[in-house]
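This report goes through a single protein chain, from its fold to selected side chains. Please keep the sequence and the coordinates at hand while reading.

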Amino acid sequence: MPRRSAYRLKARDAEFAADWAAAMDDSLDDLEFALRQRALAGTEKPVFYAGKPVGAVKAYADSVGMFLLKAHRPGRYAEGEASPPTAEDEAAAARDRLRAVLDAMGERLTGPDDDDTP
């Protein structure tokens, strides 16, 4: 089927358009998996000397890895956005809230003017 005919059919047939979208989603999943593998495992790149192959080096697709992080964790890796709090930040905030509650309870029990001097 010519490309133009496929796009026309997609525009006028909702079932075909849904199948098209599902096929596109599946192929994007496959592409994402392949790119993730390249970012994590690297790919062998030939090394040449005087026009002849003499070996290979493993190259990692750092930019692809960063692109995937930005796509899947935009709050942490998207440019211009603040990073979400880390687990340590959240624990520190919880400790601060707990201290404030305990301090307030202590003041109610002993009174605000009570200090440790006799």
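The text below covers the overall layout, confidence, salt bridges, surface patches and a few individual positions.

**Layout and confidence**

The model is predicted. Its chain contains 5 helices and 2 strands, and read from the N terminus the order of elements is α-α-β-β-α-α-α. Of the 118 residues in the chain, 7% are buried.

The mean pLDDT of the chain is 83, and 87% of the residues score at least 70. Helix α1 (residues 3–12) has the highest confidence, at 94, while α5 has the lowest, at a mean of 78. As a general caution, predicted coordinates should not be read in detail where pLDDT is low.

**Salt bridges**

How many salt bridges does the structure hold? There are 2. The table lists the side chains that meet in each, with the N to O distance.

| Salt bridge | Distance, N to O |
|---|---|
| R36 and E32 | 3.0 Å |
| D96 and R99 | 3.3 Å |

R36 and E32 both belong to helix α2 (residues 14–41). They are 4 residues apart there, about one turn of the helix. R36 has a relative accessible area of 33% and is partly exposed. Is E32 buried or exposed? E32 counts as buried, because its relative accessibility is 19% and the cut-off for buried is under 20%.

The other pair is in helix α5 (residues 87–110). D96 and R99 are 3 residues apart in that helix, so about one helical turn separates them. D96 is partly exposed at 47% relative accessibility, and R99 is likewise partly exposed, at 48%. This pair sits in α5, the element where confidence is lowest in the chain.

**Surface patches**

Helix α2 holds not only R36 and E32 but also D26. D26 takes part in a negative surface patch, together with D25, D29 and D30. Why does D26 count as partly exposed? The reason is its relative accessibility of 49%, which falls between the limits of 20% for buried and 50% for exposed.

A nonpolar patch is also present on the surface, and which residues form it? They are V47, Y49, V54 and V57, which together have about 390 Å² of accessible area. Both β1 and β2 contribute to this nonpolar patch, each with at least two residues. V54 is a residue of strand β2. With a relative accessibility of 54%, V54 counts as exposed, because the cut-off for exposed is over 50%.

**The loop between the strands**

Between β1 (43–49) and β2 (52–59) runs a loop, and A50 is found in it. The backbone of A50 deserves a remark: its phi is positive, about 55 degrees, although A50 is not a glycine. Is A50 buried or exposed? A50 counts as exposed, at 68% relative accessibility. The two strands that border this loop are also the ones that supply residues to the nonpolar patch.

**Two separations in sequence and space**

Two pairs of positions remain, each described by a C-alpha to C-alpha distance.

K10 lies in helix α1, the element with the highest confidence in the chain. At 29% relative accessibility, K10 is partly exposed. How far apart in space are K10 and A21, C-alpha to C-alpha, and what is their spacing in sequence? The two are 9.6 Å apart in space and 11 residues apart in sequence.

The second pair involves D62, which lies in helix α3 (residues 62–72). D62 has a relative accessibility of 61% and therefore counts as exposed. Its partner here is A39: D62 and A39 are separated by 23 residues in sequence, and their C-alpha atoms are 6.0 Å apart in space.

Methods. Residues are numbered from 1 along each chain as its sequence is written. This is a predicted model: local features need pLDDT of at least 70, side-chain atom pairs count only at pLDDT 80 or more; totals for chains, interfaces and linings use all residues. Side-chain values use heavy atoms; hydrogens and water are left out. A salt bridge is a side-chain nitrogen of Lys or Arg within 4 Å of a carboxyl oxygen of Asp or Glu. Buried means under 20% relative accessible area, exposed over 50%, partly exposed in between (1.4 Å probe, protein chains only). Patches are made of residues with over 30% relative accessible area and no salt bridge: like charges are joined within 9 Å, nonpolar side chains (Val, Leu, Ile, Met, Phe, Trp, Tyr) within 5 Å. Accessible areas come from the Shrake-Rupley method with a 1.4 Å probe; for residues, only the protein chains shown count as cover. Lys and Arg count as positive and Asp and Glu as negative; His and the chain ends are not counted. The place of a charge is taken as NZ of Lys, CZ of Arg, CG of Asp or CD of Glu. pLDDT is the predictor's confidence in each residue, from 0 to 100.
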